[in-house]
Amino acid sequence: MLHMRDVWVNWFEGEENSYNVCEFFEWKKSDRIELLDQVAVVRITDTLLDYIENTLQELPEELLADVYKQSFIRQKNERNALEYCFIATNGTRALIVDTLGYHTPIRKSRMVPRQEEQLRKLVEDHPVSDYYMDYLECDKQYHMLSPEPHLMHGLVRREKQLKQLLFMAFDQLYCQAELAELRYWYTEWAPHKYHEIQLMSFDEAWDGLFNDIKHGWSKRHENYCQAMIKGQPFFEKLWELQQPQEKKKTKR
């Protein structure tokens, strides 16, 4: 079993999509960065790495057995073992995983670039462990609250999180809105389609609005999101968390 020492991690907990496990350059000062004393390393197939990155489903039993209590963290001068914590790599990409004692990848972290390069050299001549999984080929279902990766492609951390907030507002709109309200919000986005929108059914208006707005991210998307969530305390709190520190200080 290969190991790495003194590995920095920034845990993202409960994330089933790889785009929500942020790369090092998107880590924030407010994130909780930890130093792991020792971490087990497993070289795995591309398919298994994709699976671990993009699901919260059970990991292969053989993999769990191989890494069991092979990783450690120092806490108050004590060196404590982590039940199932490891670095998974295909030789190019890497992901640090901690199951918190369960059999699913609850916490995930990217690596510091310098350490990722060290990892590539470490596993360069190491064979791939081909762990058996009879459910590996399961088809993942994407939906409004778990958007397809291509809809987040090219966005930075703040943009992705605001876009997910917008999709949460869309999900609520779809579940609760009457036709008139849906037409109103579609017209707000596309005023040049006003007359066309007034003749649309609920499903036509919904499909049109979502298809018009789902790609990319811009200042216009951001302003539209802010308008949609106005007066909704839960959404407004999530919005506030994504605002630059300068804006927060100005508001105070």
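Leucine 35 counts as partly exposed, at 35% relative accessibility. This value comes from a predicted model. Leucine 35 sits in strand β3, which covers residues 33-43. On the surface, Leu35 joins Trp8 and Ile33 in a nonpolar patch. Together these three residues offer about 240 Å² of accessible area.

Stay on strand β3 and look at aspartate 37. Its side chain meets that of arginine 5 in a salt bridge, with 3.5 Å from N to O. The pair ties together distant parts of the chain. Aspartate 37 belongs to strand β3, while arginine 5 belongs to strand β1, residues 2-10. The two are 32 residues apart. How buried or exposed are the two partners? Aspartate 37 is buried, because its relative accessible area is 6% and the cut-off for buried is under 20%. Arginine 5 is partly exposed, at 49%.

Now step back to the whole chain. The protein chain has 252 residues, and 47% of them count as buried. Its secondary structure comes to 10 helices and seven strands. Taken along the principal axes, the C-alpha atoms fill a box of roughly 65 × 50 × 30 Å.

How many salt bridges does a search of the whole structure find? The search gives 15. One of them joins the side chains of aspartate 98 and arginine 107, at 2.6 Å from N to O. Aspartate 98 is buried, with a relative accessible area of 3%. Arginine 107 also counts as buried, at 15% relative accessibility.

Another salt bridge lies within a helix. The side chains of lysine 219 and glutamate 222 meet at 3.8 Å, N to O. Both residues lie in helix α8, residues 219-229. They are three residues apart, which is about one turn of the helix. Glutamate 222 is buried, with a relative accessible area of 9%. Elsewhere, salt bridges share partners. They join Glu23, Asp50, Glu53, Arg93 and Arg110 into one network.

Charge also gathers on the surface. Glu58, Glu61, Glu62 and Asp66 form a patch of negative charge there. Where is aspartate 66 found? It is in helix α2, residues 61-67. Aspartate 66 is partly exposed, with a relative accessible area of 37%.

Next come the cysteines. How many disulfides does a search of the whole structure find? It finds zero. Take cysteine 22. The nearest cysteine sulfur is that of cysteine 225, 17 Å away. A disulfide needs two cysteine sulfur atoms within 2.5 Å, so cysteine 22 is in no disulfide. Cysteine 225 is in no disulfide either. For cysteine 225, the nearest cysteine sulfur is that of cysteine 175, also 17 Å away. Cysteine 22 counts as buried, at 3% relative accessibility. Cysteine 225 counts as buried too, at 0%.

Finish in a loop. Histidine 153 lies between α3 (113-123) and α4 (157-176). Is histidine 153 buried or exposed? Histidine 153 counts as exposed, because its relative accessibility is 71% and the cut-off for exposed is over 50%. Now compare sequence with space. Histidine 153 and tyrosine 19 are 134 residues apart along the chain. Their C-alpha atoms are separated by 8.2 Å.

Note on methods
Residues are numbered from 1 along each chain as its sequence is written. This is a predicted model: local features need pLDDT of at least 70, side-chain atom pairs count only at pLDDT 80 or more; totals for chains, interfaces and linings use all residues. Side-chain values use heavy atoms; hydrogens and water are left out. Patches are made of residues with over 30% relative accessible area and no salt bridge: like charges are joined within 9 Å, nonpolar side chains (Val, Leu, Ile, Met, Phe, Trp, Tyr) within 5 Å. Accessible areas come from the Shrake-Rupley method with a 1.4 Å probe; for residues, only the protein chains shown count as cover. A salt bridge is a side-chain nitrogen of Lys or Arg within 4 Å of a carboxyl oxygen of Asp or Glu. Lys and Arg count as positive and Asp and Glu as negative; His and the chain ends are not counted. The place of a charge is taken as NZ of Lys, CZ of Arg, CG of Asp or CD of Glu. Helices (H or I, at least four residues) and strands (E, at least two) are DSSP runs, numbered from the N terminus. Buried means under 20% relative accessible area, exposed over 50%, partly exposed in between (1.4 Å probe, protein chains only).
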